[in-house]
Amino acid sequence: MRRFIRELWVVVVVLTWFGLGCGDDLMEMTPTQSPELISYVVDFEILYDVYVDFNVILVDGDIEGNPSIIGFCSAGPHGKPLVRIERTFWQTNNHDRRRAVVFHELGHCALDLFHKDQIIK
């Protein structure tokens, strides 16, 4: 089952990139995953029993103009969330750190989890 889901994601990515058989409206609705991120997104979906129906991508350069941000969940096109992971972080870190950042950001976007910045008394 897990392999089928991964293969399905590859097909979705390929179709999204090349636009085969899809009109513009469908292309805008189809989530785009950077190929390097697909297995992490699928693992998250299986573990938390959710479907990630938004874009999860690697980006070059600073996120939100801040060089210390390595991952970010924000509003994307058409009101859907967008997860961006900084490419240099991705290329210079191991599987566990990559997974932690992807799961952290997907937790914000897919599970509506937020940081607790306040001190609990």
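Phe44 is buried, and Phe103 is buried too. Keep in mind that this is a predicted model. Now look at how those two rings sit. Phe44 and Phe103 form an aromatic pair, and the geometry is edge-to-face. The ring centres are 5.2 Å apart, with 85° between the planes. Where do Phe44 and Phe103 lie in the chain? Phe44 is in helix 3, and Phe103 is in helix 5. They are 59 residues apart, so to speak at two distant parts of the chain, and the pair links them. There is a third ring here. Tyr48 joins Phe44 and Phe103 in one aromatic cluster.

How many aromatic pairs does the structure hold? The count is 4. Let me show you another one. Tyr40 pairs with Trp90, again edge-to-face. Here the centres are 5.1 Å apart and the planes make an angle of 80°. Tyr40 belongs to helix 3 and Trp90 to helix 4, so this pair ties together parts that lie 50 residues apart in sequence. Are these two residues buried or exposed? Tyr40 has a relative accessible area of 7%, so it is buried. Trp90 has a relative accessible area of 4%, so Trp90 is buried as well. The cut-off for buried is under 20%.

Next, the whole chain. It has 5 helices and 3 strands. Follow the sequence and you read α-α-α-β-β-β-α-α. The chain has 121 residues, and 35% of them count as buried. What about contacts? Take those between residues at least 6 apart in sequence: 52% of them join residues at least 24 apart. On the outside, the chain exposes about 7900 Å². Carbon and sulfur atoms supply 56% of that area.

Now the core. In soluble globular proteins, nonpolar side chains tend to be buried together. In this model, the largest nonpolar core has 17 residues. Which residues have the most contacts inside it? They are Val56, Ile85, Val102 and Leu106. Several elements each supply at least two residues of this core: helix 3 (38-48), strand 1 (55-59), strand 3 (81-86), helix 4 (87-92) and helix 5 (95-111). Helix 5 gives the most, with 5 residues.

Pick out Ile85 on the structure. Leave aside its neighbours within four places in sequence. Ile85 is then in contact with Ile57, Leu58, Val59, Ile63, Ile70, Gly71, Trp90, Val101, Val102 and Glu105. You have met two of those names already. Trp90 is the partner of Tyr40 in the aromatic pair. Val102 is one of the core residues with the most contacts.

Last topic: the disulfide. The structure holds 1. Which cysteines form it? Cys73 and Cys109 do, with their sulfur atoms 1.8 Å apart. The torsion about the S-S bond is about 120°, so this disulfide is right-handed. Cys73 lies in strand 2 (residues 71-75) and Cys109 in helix 5, so the pair ties together parts 36 residues apart in sequence. How covered are the two cysteines? Cys73 has 21% relative accessibility, so it counts as partly exposed. Cys109 has a relative accessible area of 9%, so Cys109 is buried.

One thread to take away: helix 5. Phe103 lies in helix 5. Cys109 of the disulfide lies in helix 5 too. And helix 5 gives the most to the largest nonpolar core.

Conventions. Residues numbered from 1 in each chain as written. Predicted model: local features only at pLDDT ≥ 70, side-chain atom pairs only at ≥ 80, totals over all residues. Heavy atoms only, no water. Core = buried A, V, L, I, M, F, W, Y, C linked by side-chain atoms within 4.5 Å. Buried < 20%, exposed > 50% of the residue type's maximum accessible area, 1.4 Å probe, protein only. Helix = DSSP H or I, 4+ residues; strand = E, 2+ residues; numbered from the N terminus. Contact = heavy atoms within 4.5 Å. Phe/Tyr/Trp six-rings, centres within 6.5 Å; stacked < 30°, edge-to-face > 60°. Disulfide = S-S within 2.5 Å. Areas by Shrake-Rupley, 256 points an atom, 1.4 Å probe, with all protein chains shown as cover.
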